[in-house]
Amino acid sequence: MKTFAEAQAVLADRLPGYESRPTPMLDSTGLSVDEFWSRFEVKGECWEWAGSRYPNNYGRVWSTPQKRHLRTHRVSFEIAFGTPRLHVLHRCDNPPCGRPDHLFEGTDKDNSLDALSKDRLVLPAPMRGESNPRAKFSDDLVSEVRDRYRMGVHQTTISLWVNGKGRVR
């Protein structure tokens, strides 16, 4: 395992000039670049945020002027590549990782496709029929109405029955 200083040196070689970019997000935290990087721990190939985290495991750091937390992987991206204009995604699929060469920018669609490809996007099952809380008719009634329609009972007649205006046997 590399020390963090060795890992930073590798980054400096890959991203020349990264330490001289403007960093409005980082500046709002009151941390220097070195203080920010010192809060990461090298774990395997990733640099994991050792400070406070959101419940979903993304690192967070306080921004005093904005009076809110910032996601550390976005701040890391800003230091390395400039202010992100889109989502910042992880190649490594490790939420606390802030290693810049593990991060890339993507659109809403890219973010969704990335999550789907990594089996992290769970789509809710459609609520059809009686399982939908807004359903007005039981599945049995709908089935019966469809059967009668197929037997030749006209749609208008069925509508009259449903609305209590037609003959009921």
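User: What makes up the accessible surface of the chain, and how much of it belongs to carbon and sulfur atoms?
Analyst: In this predicted model, the accessible surface of the chain comes to about 11300 Å². Carbon and sulfur atoms hold 52% of that area.

User: Why is Cys97 called buried or exposed?
Analyst: Its relative accessible area is 1%. Buried means under 20%, so Cys97 is buried.

User: What makes Cys92 buried, exposed or partly exposed?
Analyst: The relative accessible area of Cys92 is 26%. The cut-offs are under 20% for buried and over 50% for exposed; 26% lies in between, so Cys92 is partly exposed.

User: How many disulfides does the structure hold?
Analyst: The structure holds 0 disulfides.

User: Why is there no bond between Cys92 and Cys46?
Analyst: The closest cysteine sulfur to that of Cys92 is in Cys46, at 3.8 Å. A disulfide needs the two sulfur atoms within 2.5 Å, so this pair is too far for a bond.

User: Why does Cys97 form no disulfide with Cys92?
Analyst: For the sulfur of Cys97, the closest cysteine sulfur is that of Cys92, at 3.8 Å. Set against the cut-off of 2.5 Å, this distance is also too far for a bond.

User: What makes helix 4 mostly covered?
Analyst: Helix 4 spans residues 72–81, and 8 of its 10 residues are buried. Among them are His73, Phe77, Glu78 and Ile79. For the chain, buried residues make up 30% of the 169 residues.

User: What phi does Gly82 take?
Analyst: Gly82, just after helix 4, has a positive phi of about 105 degrees.

Key
Residues are numbered from 1 along each chain as its sequence is written. This is a predicted model: local features need pLDDT of at least 70, side-chain atom pairs count only at pLDDT 80 or more; totals for chains, interfaces and linings use all residues. Side-chain values use heavy atoms; hydrogens and water are left out. Buried means under 20% relative accessible area, exposed over 50%, partly exposed in between (1.4 Å probe, protein chains only). Accessible areas come from the Shrake-Rupley method with a 1.4 Å probe; for residues, only the protein chains shown count as cover. Helices (H or I, at least four residues) and strands (E, at least two) are DSSP runs, numbered from the N terminus.
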